[in-house]
Amino acid sequence: MKESYITTAIPYVNGNPHLGHAMDYLLADTLRRYMMSQGQKVRFQAGTDEHGNKIFKKAAEAGISTQEFTDQNSKKFQDFIASLGVEYTDFIRTTNPDHERRCQEIWRRLKDHIYKDSYEGWYCEGCEAFVTDKEHDENSGICPDHKKPYVKLSEENYYLRIADYKDQIREAIETDALKITPAFRKKEFLNLLADMPDVSISRPKSQVSWGVPVPDDDDQVMYVWIDALANYITVLGYPDEDISMDWPAHTQVVGKDILRFHAGIWPTILLGLGLPLPKNLLVHGFITVNGEKMSKSIGNVIAPEEILSKHGLDPFRYYFLRHAPTTDDADFTWEKYEASYNELANDLGNLVQRLATLCKKNEIANLKPLAVDLDDEFKKHMDAYAFNVAFDYAWSKVQDLNRQIDAAKPWELAKTDPAKAKSVLKDIASQLLAVSQMLEIFIPTTAKKIQDVFTAAQILPPSTPLFPRG
Ligand code: MSP
């Protein structure tokens, strides 16, 4: 059986995992759980991007070898992913020797699309990137992110000729053969593609020492994007192995800031290698804190662990999957987080407690887990990558169950018509089991608890509420 391959962006290991990284993992994991619920076999990649000067410098600051530094930080990301309840099948590190060797082979195969040129321009040492003259002037010569003046730099680089496949890429995107979601990002990218220049894919060794050596040129190392993007296929074994079981990817999840690399450079590499393009690019927005970009200098960075330790994992997943629109920016504040937790407790926690108590009193037992398929409307939103809308839909069902209990008043019915009370409760509990299958995609631990409660030989309310209050 062919596998559906889902990928996540591989973060740089120069810092700790943050909320932005969580978004990639949660969205990809939501898709994974959904596809698995539909009987598909899923392959799921995650990894870490470990080359470049920033990482080299950070390691030096920490007083340890670069390899040791990346080992430690890559481990932090692996632990972080696990702490989010996200399960991958493959984890790739770009310092892995197999990956490096495979990248060199990929480079060789792309030879016809690569040329050497010298370049002079404005460069930010913090970003490790050149900026255009326009950007330089707009920012009055100072990088807004690093507050450092740009410097004039001239150097020899290898370039990837984007022009070689521009028309083919445009057509694939326009016809949705390579589908970019949301549509406004597709439009945005197509506008950008028209003037997309060739991209530099190497740096002189004298400038960057921590990187994959360019084959047959001792003076150059690959510069981030080739060896970073290649991870999606080297992890599958390319070019040593046949990857057609998994490639093309079903969905590649990326943040909006790296769309252009994934929709422009990556397809150029793939076409250059004679490989098919991925089917979908799911582009998410940015997480802000109190309406501001997270930044160490503003001092508003909230560590995900801090949020996770407050109410545990599912309230975290609930907030970022329901209250963060899948493809737009979203804000985090502690106030909103508490309000969202209260919603969980009031709508779902109370429902479970109340319904289980009533079921116990009326001796309802042996409900069968439902083998029904998910609602069509739910699936429609999931298939369109509107995960938060699908979650809203599932939540409206939860709220509806509360209303059904209020309207039927089974505690009164029990006095006058116990058989009717029993059948009403059975029906509502069965509906809740069906709803739990939708919830399982977003908040799996909670959904599992609900299923355990209502399929038990004797239904008992959970000894501690699902969402206790402080
Ligand atoms: N190393 C590259 C990706 C290479 S993929 C072949 C990179 N790393 S990153 O650490 O800067 O970003 C990793 C992911 O986190 C990207 O998808 C990026 O968009 C996402 N985010 C980083 N900050 C973010 C927010 N504040 N909010 C949401 N996502 C953001 O880019």
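These legends walk through several close-up views of a predicted model with a bound ligand. Residues are numbered from 1 along each chain as its sequence is written. Because the model is predicted, local features need pLDDT of at least 70 and side-chain atom pairs count only at pLDDT 80 or more, while totals for chains, interfaces and linings use all residues; side-chain values use heavy atoms, with hydrogens and water left out.

**View 1. The ligand and its shell of residues.** Let us start with the ligand, which 24 residues surround; a residue counts as near if one of its heavy atoms lies within 4 Å. The closest are Ile10, Asp24, Asp49, Asp257 and Ile287. By type, the shell divides into 13 nonpolar, 8 polar and 3 charged residues. Here Ala, Val, Leu, Ile, Met, Phe, Trp, Tyr, Cys and Pro count as nonpolar, Asp, Glu, Lys and Arg as charged, and the others, Gly among them, as polar.

**View 2. Polar contacts to the ligand.** A polar contact is a pair of N or O atoms within 3.5 Å; within protein, one must be able to donate a hydrogen and the other to accept it, and residues adjacent in sequence count only if both atoms are side-chain atoms. Asp24 places a polar side-chain atom 2.8 Å from a ligand oxygen. For Asp257, an N or O atom of the side chain is 2.5 Å from an oxygen atom of the ligand. Ile287 takes part through its backbone, where a polar atom is 2.8 Å from a nitrogen atom of the ligand. On its own the ligand has 650 Å² of accessible area, and the protein covers 92% of that (Shrake-Rupley method, 1.4 Å probe; for residues, only the protein chains shown count as cover). Helix H1 (19-37), helix H8 (225-229), helix H9 (231-234) and strand E11 (251-255) are the elements that give two or more residues to the shell. Helices (H or I, at least four residues) and strands (E, at least two) are DSSP runs, numbered from the N terminus.

**View 3. Strand E1 and its partners.** Strand E1 (residues 4-8) has 5 of its 5 residues buried, so the rest of the structure largely encloses it; buried means under 20% relative accessible area, exposed over 50%, and partly exposed in between (1.4 Å probe, protein chains only). Ser4, Ile6 and Thr8 are buried on one side, and Tyr5 and Thr7 on the other. Two strands pair if DSSP finds at least two bridges between them. E1 runs parallel to strand E2 (residues 42-48), joined by 4 bridges, and Tyr5 has Arg43 as its bridge partner there. E1 also runs parallel to E11, with 3 bridges.

**View 4. Gln252 in strand E11.** Thr7 of E1 stands opposite Gln252. With 0% relative accessibility, Gln252 counts as buried. The Gln252 side chain makes a polar contact of 2.8 Å with the side chain of Trp266.

**View 5. An open antiparallel sheet of 4 strands.** The strand order is E5-E4-E6-E8. Strand E5 (129-131) and strand E8 (199-200) are the edge strands, each pairing on one side only. Between strand E6 (residues 151-160) and E8 there are 2 bridges, and Leu160 stands opposite Val199.

**View 6. An open sheet of 3 strands with mixed pairing.** This sheet has the order E14-E13-E15. Strand E14 (292-293) and strand E15 (330-332) each have a single partner strand, so one side of each lacks a neighbour in the sheet. Strand E13 (residues 287-289) runs parallel to E15 over 3 bridges, with Thr288 opposite Asp331.
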